[in-house]
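Please open the structure in your viewer and keep the sequence panel beside it. The tour below moves from one selection to the next and says what is there.

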Amino acid sequence: MTPNAKVGPSSVVIDEIWTVERVKSLGVMTNVETAAQILGIGRTVAYRLAKDGDFPVQVLRIGHSYRVPVLRLLELLGAPDAPLDRDRFID
């Protein structure tokens, strides 16, 4: 955590810099709050956009929660080599 970073109520760190490597390290999916932070969207607005089907990338509703595919975030951000490091999971 950076010295001046603030921690929100959901333990999502605010004001940290998101690099491509850091986004990739999230794994296959992330939650709406983290995706919103990466995109610079507030939490309340993010959930409203997800509920209305207007979030900037694909959002999956799984039970009572929303999940965002990290690959879609990377594509939206124009990250080079957007596919995740899947080789580390395949023998």
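Select E33 and Y47 and show their side chains: in this predicted model, the two side chains make a polar contact at 3.3 Å. E33 has its place in helix α2, and with a relative accessible area of 13% it is buried, because the cut-off for that label is under 20%.

Keep E33 on screen and add N31, which caps the N-terminal end of α2, with a side-chain oxygen lying 3.2 Å from the backbone nitrogen of E33. Now colour the whole of α2, residues 32-39. Is this helix mostly covered or mostly open? It is mostly covered, seven of its eight residues being buried, and the buried ones are V32, E33, T34, A35, A36, Q37 and I38. After the helix comes G40, whose phi is positive, near 75 degrees.

Next, turn to the strand that holds T30, namely β3, which spans residues 29-31. T30 counts as buried because its relative accessibility is 8%, under the 20% cut-off. To see what surrounds T30, select A35, Y66, R67, V68, V70 and L73, which are its contacts once neighbours within four places in sequence are left aside.

One of those contacts, V68, deserves its own selection. Leaving out residues up to four places away in sequence, V68 touches V28, M29, T30, N31, V32, A35, F55, V57, Q58, V59 and L73. V68 is also among the residues with the most contacts inside the largest nonpolar core, a set of 17 residues in which V23, V32, A46, F55 and L73 are listed alongside it. Which elements give two or more residues to this core? They are α2, α3 (43-52), β5 (65-69) and α4 (70-76), and the largest share, four residues, comes from α2.

Now select G27, which lies in the loop between α1 (20-24) and β3. At 18% relative accessibility G27 counts as buried, because the value is under 20%. If you draw a distance from the C-alpha of G27 to the C-alpha of L71, it comes to 9.1 Å, although the two residues are 44 apart in sequence.

Two arginines come next, each placed over an aromatic ring. Select R22 and W18 together: the charged end of R22 sits over the ring of W18, 3.8 Å from its centre. Then select R61 and Y66, where R61 lies over the face of the tyrosine at 4.8 Å from the ring centre. Y66 was also on the list of contacts of T30. As for rings that pair with other rings, the count comes to one aromatic pair.

Finally, zoom out and colour the chain by secondary structure. How many helices and strands does the chain have? There are four helices and five strands, and from the N terminus on they run β-β-α-β-α-α-β-β-α. Of the 91 residues, 35% count as buried, while the accessible surface comes to about 6,200 Å², with 53% of that area belonging to carbon and sulfur atoms. Among contacts with a separation of 6 or more, 39% are accounted for by residues 24 or more positions apart.

Notes:
Residues numbered from 1 in each chain as written. Predicted model: local features only at pLDDT ≥ 70, side-chain atom pairs only at ≥ 80, totals over all residues. Heavy atoms only, no water. Buried < 20%, exposed > 50% of the residue type's maximum accessible area, 1.4 Å probe, protein only. Contact = heavy atoms within 4.5 Å. Areas by Shrake-Rupley, 256 points an atom, 1.4 Å probe, with all protein chains shown as cover. Phe/Tyr/Trp six-rings, centres within 6.5 Å; stacked < 30°, edge-to-face > 60°. Lys NZ or Arg CZ within 6 Å of the ring centre and 35° of its normal. Core = buried A, V, L, I, M, F, W, Y, C linked by side-chain atoms within 4.5 Å. Polar contact = N/O pair within 3.5 Å; in protein donor to acceptor, adjacent residues only side chain to side chain.
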